[in-house]
Amino acid sequence: MTSPVPEPLLHERTGLGAARLAARHRGHFSEETVRALIADSYRRLALTATVTTHLNVLAEHLAAERLDALAAARQTPAARPVRVLFVCGHNSGRSQIAAALLTHRADEPITVSSAGTDPAAELEPHLAEVLAEVGVDLGRAYPKPLTEEVVGAADFVITLGCGDACPVVPGRRYLDWPTPDPHGASLPELRRIRDAIDAHVSDLLALIAAPAPTSTTTDPK
């Protein structure tokens, strides 16, 4: 955990990222909103960071995700891709595996996010290795805190072992996938966790693809 960042230094570290995001979202969000979000993202990430070298870059990525969620929340579900959020305790294992597998396997556009109620400083060892074994690239994933914007824009919230700390927002569809904690797991154990989550992902894709139920009216005659 790092020490609190003084406001002048915080704005100096996030200034370039804020300018890029403000330009990208001009006409949709004010510069003040963008600067506040990226500063808040930096503070949240700094709570668990052990190294701050690239924290400004990660804060920009997290703020971009939050702004995208805010924009999506203004749209009707039919006007945008389905949004899925995976949540676990530390966003260092289960939710990262689920997000990577769903992103890899989805044929239709789906916006996939993951977060932790108490994010870790880094991902579980061997996570990228077991995903690469099935052709999935973990990319530049990193543990992220749960934010109100991303939860509020989600159509599906999938919880994986975060218990009572998992968010409950009216109007979201919740699914719970009981899955062992991969912390300290051996490679064979981690592969079993990956495969169990992959089976859940298959079921989720079928659920997303299923047509919405239509109401019917019965003639009283």
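Two strands count as paired here if DSSP finds at least two bridges between them. Keep that handy for the sheet in this predicted model.

**Exercise 1. Work out the strand order of the sheet and find which strands stand at the edges.**

Step 1. Start with the pairing: the sheet is open, has four strands, and pairs them in parallel. Reading across, you get β2-β1-β3-β4.

Step 2. Now look at the ends of that order. β2 (110-116) and β4 (173-176) each have a single partner strand, so one side of each has no neighbour in the sheet.

Step 3. Check the twist: ignoring direction, neighbouring strands are turned by 20 degrees against each other on average.

Step 4. Zoom in on one pair. Strand β1 (residues 82-88) joins β2 through seven bridges, in the parallel sense. Within this pair, Leu 85 sits opposite Ser 113 of β2.

Step 5. Add the helix: α4 packs on the sheet and touches β1 and β2, and its direction makes about 170 degrees with that of β2.

**Exercise 2. Describe how α4 packs with helix α7 (residues 187-209).**

Step 1. Take the geometry. The axes of α4 and α7 are 9 Å apart, and the packing angle is about 50 degrees.

Step 2. Classify the angle: α4 and α7 are therefore oblique to each other. Their crossing is right-handed.

Step 3. See who is touching. From α4 come Arg 94, Leu 101 and Arg 105, among others, and the α7 residues they meet include Ile 193, Asp 198 and Leu 205.

Step 4. Sort the contact by residue type: ten are nonpolar, one is polar and four are charged.

**Exercise 3. Do the same for helix α2 (residues 31-46) and helix α3 (residues 55-73).**

Step 1. Here the axes come within 8 Å and cross at roughly 125 degrees.

Step 2. Angles over 145 would count as roughly antiparallel, and 65 to 115 as roughly perpendicular. The α2 and α3 angle fits neither, which means α2 is oblique to α3. The handedness of this crossing is right-handed.

Step 3. On the α2 side the contact includes Val 34, Tyr 42 and Arg 44; among the α3 residues are Leu 55, Glu 60 and Leu 70.

Step 4. By type, this contact has 13 nonpolar, two polar and four charged residues.

**Exercise 4. Decide how far to trust the coordinates, and where to hold back.**

Step 1. Begin with the whole chain: the average pLDDT is 89, and 92% of the residues score at least 70.

Step 2. Go element by element. Helix α4 (residues 94-105) has the highest mean pLDDT, 97, and helix α1 (residues 7-24) the lowest, 86.

Step 3. Spot the weak stretch: residues 215-221 have a pLDDT below 50, with zero contacts beyond near neighbours in sequence.

Step 4. Draw the conclusion: where pLDDT is low, the predicted coordinates shouldn't be read in detail.

Terms used. Residues numbered from 1 in each chain as written. Predicted model: local features only at pLDDT ≥ 70, side-chain atom pairs only at ≥ 80, totals over all residues. Heavy atoms only, no water. pLDDT = per-residue confidence, 0-100. Helix = DSSP H or I, 4+ residues; strand = E, 2+ residues; numbered from the N terminus. Contact = heavy atoms within 4.5 Å. Axes fitted to C-alpha atoms, helices over the stretch in contact; angles between N-to-C directions. Parallel < 35°, antiparallel > 145°, perpendicular 65-115°, else oblique. Left-handed = near helix turned anticlockwise from the far one by under 90°. Nonpolar A, V, L, I, M, F, W, Y, C, P; charged D, E, K, R; others polar.
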